[in-house]
Amino acid sequence: MPTSHPAPPVQPPHLLDNPAWAALTGPHARFAERVGRAARYPADVSPFTALEDPADPRAWADLAALVGPGTLTPVTGVHTVPEAWETEQDGVGVQLTGEALRAEPAPDAVRLGLADVPEILELIALTRPGPFLPRTVELGTYLGIRDRGRLIALAGERLRPPGWTEISAVCTHPEHRGRGLATRLVRAVAAGIRERGDTPFLHAAAGNTDAIRLYESIGFTLRRRNRFVLVRSPQAPGEETQPEPSRLTIRM
């Protein structure tokens, strides 16, 4: 009689497999707008929405109730999109973790706040590192470097799952590239993350090979590839499509 072996235990999903949900139900719960198994950030904070389980049709139904009919919304961690939803954009990104990253303060970096948002938005519009909205700066620490008073480089914290913090909005004015400013700011933001016991991680578009090589050269390690979709929620015949919010993008 053949010997039976117990099935290996099922490993729970890693927090970073669904970081927006982990953040919105964890350290960023104060920002969460939620219906059941779906959650999102306020429209002026971040474009991200999240599903407790992207494979659960009930989560998609909750998301439809949360965003309303005929609405564009970006969703991460998705393998398949229900038939009733339209996929407007589809992209692939990479997720890297910074366990080996050397973190250190940058003496010339300054803390940025709400008063700096107009200048931040100008730099973001010029460099296009990913979505940044009027209240994104409230998600965590944002640091910048100035040259003769002008903001020329930026990096900060975005998603914050328990035990982890995402580094985001890494950008440098084109006239000041090649000076290592982005690396200094990434290390400085990581220093603050490490001080509170978290581990840094980040996302990049899979096609942004220059940025990925830079991150790997300073100690980040590729963890996984992930899918980002921009989808439109179902609407009944005759219902009007919601106006297109300019904030929506699947760039990371």
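**Figure 1. The lining of the largest pocket mixes 17 nonpolar, eleven polar and four charged residues.** The model shown here and in the other views is predicted. The pocket has a volume of about 620 Å³. Its lining counts 32 residues. Closest to the centre of the pocket are P129, V170, N208, A211 and Y215. Strand β9 gives the largest share of the lining, with six residues. At least two lining residues come from each of β5 (86-97), β9, α4 (181-195), β10 and α5 (209-217).

**Figure 2. The second largest pocket has P13, D17, N18, E52 and P54 nearest its centre.** This pocket has a volume of about 370 Å³. It is lined by 17 residues. By class, seven of them are nonpolar, six polar and four charged.

**Figure 3. N18 sits in the segment before α1 (19-24).** N18 is also among the residues nearest the centre of the second largest pocket. Is N18 buried or exposed? The relative accessible area of N18 is 13%. The cut-off for buried is under 20%, so N18 counts as buried. Setting aside residues up to four places away in sequence, N18 touches L51, E52 and P54. Two of these contacts, E52 and P54, reappear in the list of residues nearest the centre of the second largest pocket.

**Figure 4. Helix α3 (residues 117-127) has a buried side and an exposed face.** V117, I120, L123, I124 and T127 are the buried residues. Why do they lie on the same side of α3? They cover an arc of only 120° around the axis, and this places them on the same side of the helix. The general rule behind such a pattern is that an α-helix has 3.6 residues a turn, so residues three or four places apart point the same way. P118, E122 and A125 are exposed, on the face turned away from the buried side. The cover over the buried residues of α3 includes strands β6 (110-112), β8 (150-157) and β9 (164-172). Just after the helix, R128 takes a positive phi of about 55°.

**Figure 5. G144 lies in strand β7 (residues 142-147).** Its relative accessible area is 0%, so G144 is buried. Which residues does G144 contact, leaving aside neighbours within four places in sequence? They are D108, A109, V110, L112, L151, A153, L154 and L185. L185 is 41 residues from G144 in sequence. In space, the C-alpha atoms of G144 and L185 are 7.3 Å apart.

**Figure 6. N226 is placed in strand β11 (residues 221-232).** The relative accessibility of N226 is 8%, so this residue counts as buried. Neighbours within four places in sequence are left aside here. With that exclusion, N226 is in contact with G91, V92, G93, V94, Q95 and H203.

**Figure 7. Two of the five aromatic pairs in the structure are F31 with Y41 and W164 with F201.** A pair of aromatic rings is described by the distance of the centres and the angle of the planes. The search covered the whole structure. In the pair of F31 and Y41, the ring centres are 6.2 Å apart and the planes stand at 45°, so the pair is tilted. F31 is in the loop between α1 and β1 (33-35). Y41 is in the loop between β2 (38-40) and β3 (49-51). The pair links distant parts of the chain, ten residues apart. Both F31 and Y41 are buried.

W164 and F201 form an edge-to-face pair. Their ring centres are 6.3 Å apart, with 85° between the planes. W164 belongs to strand β9, and F201 to strand β10 (residues 199-205). This pair, too, links distant parts of the chain, 37 residues apart. W164 counts as buried at 14% relative accessibility. F201 is buried as well, with a relative accessible area of 0%.

**Figure 8. The protein chain has five helices and eleven strands.** Of the 252 residues in the chain, 50% are buried. Which share of the contacts between residues at least 6 apart in sequence joins residues at least 24 apart? That share is 72%.

Conventions. Residues numbered from 1 in each chain as written. Predicted model: local features only at pLDDT ≥ 70, side-chain atom pairs only at ≥ 80, totals over all residues. Heavy atoms only, no water. Buried < 20%, exposed > 50% of the residue type's maximum accessible area, 1.4 Å probe, protein only. Helix = DSSP H or I, 4+ residues; strand = E, 2+ residues; numbered from the N terminus. Arc of directions from axis to C-beta. Contact = heavy atoms within 4.5 Å. Phe/Tyr/Trp six-rings, centres within 6.5 Å; stacked < 30°, edge-to-face > 60°. 1 Å grid on protein atoms, 1.4 Å probe; cavity = no way out; pocket = protein on both sides within 12 Å on 5 of 7 lines; lining within 4 Å. Points joined across faces, edges and corners; volume = space filled by probe spheres on them. Nonpolar A, V, L, I, M, F, W, Y, C, P; charged D, E, K, R; others polar.
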